[in-house]
Amino acid sequence: MSDVAKLAGVSHQTVSRVLNDSPAVRPTTRERVDAAIQALGYRPNPAARALVTRRSRTLGVVSFDSTLHGPASTLYGIEQAARAAGFFVSVAYLESFEARSLQDGLRRLAERSVEGLVVVAPFAETASSVAELQGKVPLVMVGGGSVAGFASVSVDQVEGARLATRHLLAQGVETVLHVAGPTGWLESDGRADGWRAELASAGVPEPAMVQGSWSPSAGYAAGRQLAGSGDTEAVFVANDQMALGLLRAFREEGVRVPQDVLVVGFDDVPEAPYYSPPLTTVRQDFAQVGRRSIDLLLEQLTLGRPSDEHVVVPAELVVRASSVRSPR
């Protein structure tokens with residue numbers, strides 16, 4: 001910075017004002033400083049700046065398995081929102097949300113002097129793992145439903161599942177089967193709860209749930225099983241990746257979608273309109289999840305106190321050919 005000041009013929013403080021976009025700098029002076037910055041290839045040192053301002057402008061994100069569509073899209077939404085607010089994001093990926101793994105991730109983020117944390121929390125046990133952080137650091141839980149004592153943002157999984165089930169019942173089927181996500185995931189539990197609630201509300205029988213995972217192979221196995229039963233009319237699948245496998249199995253077994261069986265997924269992955277047939281699914285607004293989570297975190301940083309506000313982002317049903325009743 002001293003080199004920039006010397007070349008531009010200004011004080012060290014003037015360079016600092018230009019870098020911080022202060023209005024108290026003449027346009028001609030700003031131009032000289034900017035020219036010197038370009039000529040010298042100067043870049044501010046974030047570590048040095050953090051020592052002076054006690055602000056790192058960095059937020060930490062604890063996430064799990066970015067290969068899955070939900071966590072990856074959530075992380076992308078958070079990064080976009082943080083960047084728009086002028087913050088960097090440092091990410092710690094965990095193999096599990098057990099206390100030891102979480103503590104290791106938090107230690108790595110603390111070494112980067114993060115100002116606040118966003119925890120992408122898909123598991124029920126996450127709440128107990130982060131309980132010791134209550135009141136110690138600004139924190140927002142994402143995707144795990146409401147957690148006492150913490151701010152949180154989540155998509156309405158229950159209502160999304162109810163929309164999917166209600167749509168299928170409206171096609172005139174007697175009931176709707178459900179291929180569930182893995183046990184222990186809050187999103188999987190919420191989608192199963194919504195399916196059950198909508199069936200109960202409609203007064204129709206609840207068939208046995210098929211347990212799956214999030215993978216196409218699990219959907220394929222479920223499709224083979226359901227095709228063999230011969231009495232399946234409609235299936236609500238807990239995510240689009242499993243729905244892809246289920247559609248493949250149905251096609252191999254000679255089960256036509258939607259003529260013989262109606263299918264709805266969950267997530268609205270970018271490929272969903274190009275499935276065969278195009279997949280009806282429940283869309284999650286991950287961009288809004290990212291914006292609201294960063295808003296809640298910055299609010300805590302600004303006010304200097306924790307928050308326990310819970311934001312629920314609505315889910316949206318996107319109807320395509322896979323779920324529209326056609327003549328048999």
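Strand β4 (residues 139-142) and strand β5 (residues 151-155) run parallel and are joined by three bridges, where strands (E, at least two residues) and helices (H or I, at least four) are DSSP runs numbered from the N terminus and two strands pair if DSSP finds at least two bridges between them. Within this pair, V142 stands opposite V153 in β5. The model is a predicted one, in which local features need pLDDT of at least 70 and side-chain atom pairs count only at pLDDT 80 or more, while totals for chains, interfaces and linings use all residues. Residues are numbered from 1 along each chain as its sequence is written, and side-chain values use heavy atoms, with hydrogens and water left out.

On its other pairing, β4 meets strand β3 (residues 116-120), again in the parallel sense, over four bridges. Here V120 stands opposite V142 in β4, and V142 is also the residue found opposite V153 in β5. Both faces of β4 are covered: L139 and M141 on one side, and V140 and V142 on the other, are all buried. Buried here means under 20% relative accessible area, with exposed over 50% and partly exposed in between (1.4 Å probe, protein chains only).

These strands belong to an open sheet of six, with the order β2-β1-β3-β4-β5-β11 and parallel pairing. The edges are formed by β2 (88-94) and β11 (310-313), each of which pairs on one side only. From one strand to the next, the twist averages 20°. At the β11 edge, four bridges join β5 to β11, and the two run parallel; S152 stands opposite H310 in β11. What happens to the side chains along β11? They alternate, with V311 and V313 pointing to one face and buried, whereas H310 and V312 point to the other face and are not buried.

A second open sheet has four strands in the order β7-β6-β8-β9, and its pairing is also parallel. Because β7 (210-211) and β9 (262-264) stand at the edges with a single partner strand each, one side of each is left without a neighbour in the sheet. Strand β6 (residues 177-180) pairs with β7 in the parallel sense over two bridges, and with β8 in the parallel sense over three bridges. Residue V179 takes part in both registers, standing opposite V210 in β7 and opposite V237 in β8. A180, in turn, stands opposite Q211 in β7. The side chains of β6 are buried on either side: L177 and V179 point one way, H178 and A180 point the other way, and all are buried.

Two helices lie across this sheet. Helix α8 (residues 157-169) lies across β8 (234-237) and β9, running at about 170° to β8. Helix α9 (residues 186-202) lies across β6 and β8, and its direction is at about 175° to β6. For these angles, axes are lines fitted to C-alpha atoms, for helices over the stretch in contact, and the values run from 0 to 180 degrees between N-to-C directions; contact means heavy atoms within 4.5 Å.

Helix-helix packing comes next. Two packed helices are described by the angle between their axes and the distance between the axes. The axes of helix α5 (residues 69-84) and helix α12 (residues 286-303) come within 7 Å and cross at roughly 50°. That angle makes α5 oblique to α12, given that angles under 35 degrees count as roughly parallel, over 145 as roughly antiparallel, 65 to 115 as roughly perpendicular and the rest as oblique. The crossing of α5 with α12 is right-handed, meaning that the near helix is turned clockwise from the far one by less than a right angle, while anticlockwise would be left-handed. In this contact, H69, G70, S73, T74, G77, I78, A81 and A82 of α5 meet F286, V289, G290, R291, S293 and I294 of α12. These residues divide into six nonpolar, seven polar and one charged, with Ala, Val, Leu, Ile, Met, Phe, Trp, Tyr, Cys and Pro counted as nonpolar, Asp, Glu, Lys and Arg as charged, and the others, Gly among them, as polar.

Helix α2 (residues 12-19) and helix α3 (residues 27-40) pack at an angle of about 90°, with their axes 10 Å apart, which makes α2 roughly perpendicular to α3. T14, V15, V18 and L19 in α2 meet T29, R30, V33, D34 and I37 in α3.
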